[in-house]
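Visitor: I'm new to this structure and would like a close look at just one part of it. Could you take me to the largest pocket and walk me through what surrounds it?

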Amino acid sequence: MSTDDAFDAAYREHYWAVSRFVARRLDDQAWDVEEVVAEVFAVAWRRRVELPESPLPWLYGVARHCLANTVRGKGRYRRLLLKLGHHEVTRGGHTVASPDAERPGSWVLEALSRLAEADQEVLRLTAWEELTVEELSTVLGCGRSAAAMRLHRARRRLREQIETLRRDDRVSLGCTSGKGEMADKANKANKAYKDGHA
């Protein structure tokens, strides 16, 4: 198979997986998602001789770099708007509670949000993208043992955050027995996490 054919096959087979990967990290902002995905495949085209036999983890690695560039660009744009002072971003917008706040698993999402971005990404790659440790190492650009260690540490930190949320909830409800409604939710989330990663 020629490199052009390999690129065509990768594009057809993995376009939507890469789109979902990007959308999850940009909160489904359609225009930005399309821009980043287009950049991912533009890079893949330019580097098509490097496409591995299983290209999806490699494409995720490219997408991570493209996303980082987009986030940096957005940061510069927001700083410029703040200097100018003539944009809705600067007019005291407020944050609306997420519709996911009371959904099952919201405790895990809250705990996840408290982790460092690197830990969050390792957990997303294995949970959302369902990557193996071998594939994770390809995306992260490190060895298999380093990827396994990063995943292990991220999972441990997530468990610690879930425990912290459980303790905080018990204190806020004046509940030490763990029978409060929120503590019960935390217990269930923690059990679900442990069951999924036993």
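Guide: Happy to! Keep in mind that this is a predicted model. A quick look around before we go in: the chain has eight helices and zero strands, and 34% of its 198 residues are buried. Among contacts between residues at least 6 apart in sequence, 60% join residues at least 24 apart.

Now for the pocket. The largest pocket holds about 570 Å³ of space. It is lined by 15 residues, and those closest to its centre are R24, R25, D27, R124 and W128. As for the elements around it, α1 (3-25), α3 (56-84), α4 (106-113) and α5 (117-127) each give two or more residues to the lining. Sorted by class, that lining has eight charged, five nonpolar and two polar residues.

Let's stay with α5 for a moment, since this helix gives the most to the lining, with four residues. Is α5 mostly covered or mostly open? Mostly covered: eight of its 11 residues are buried. Those buried residues are D119, Q120, E121, V122, L123, R124, L125 and T126. You've met R124 already, as one of the residues closest to the pocket's centre.

E121 is a good one to zoom in on next. Its side chain meets that of R25 in a salt bridge, 3.0 Å from N to O. R25 sits in helix α1 and E121 in helix α5, so this pair ties together parts that are 96 residues apart in sequence. Both ends of the bridge are covered up, too: buried here means under 20% relative accessible area, and R25 comes in at 17%, while E121 has 6%. As a rule, side chains of opposite charge can pair when their charged atoms come close.

The whole structure has 13 salt bridges. For a pair with another setting, try R47 and E50, whose side chains meet at 2.8 Å, N to O. Here R47 is partly exposed, with a relative accessible area of 33%, and E50 is also partly exposed, at 41%. Back to where we started, though: salt bridges that share partners join R24, R25, R64, E117, E121, R124 and E129 into one network. R24, R25 and R124 from that network are also among the residues closest to the centre of the largest pocket, so if you find those three in the picture, you'll have found your way back to it.

Notes. Residues are numbered from 1 along each chain as its sequence is written. This is a predicted model: local features need pLDDT of at least 70, side-chain atom pairs count only at pLDDT 80 or more; totals for chains, interfaces and linings use all residues. Side-chain values use heavy atoms; hydrogens and water are left out. Buried means under 20% relative accessible area, exposed over 50%, partly exposed in between (1.4 Å probe, protein chains only). Contact means heavy atoms within 4.5 Å. On a 1 Å grid over the protein atoms alone, a cavity is a set of points where a 1.4 Å probe fits but cannot get out, and a pocket is an open set with protein on both sides within 12 Å along at least five of seven lines; lining residues have an atom within 4 Å of a point. Grid points are joined across faces, edges and corners, and a volume is the space filled by probe spheres set on the points. Ala, Val, Leu, Ile, Met, Phe, Trp, Tyr, Cys and Pro count as nonpolar, Asp, Glu, Lys and Arg as charged, and the others, Gly among them, as polar. A salt bridge is a side-chain nitrogen of Lys or Arg within 4 Å of a carboxyl oxygen of Asp or Glu.
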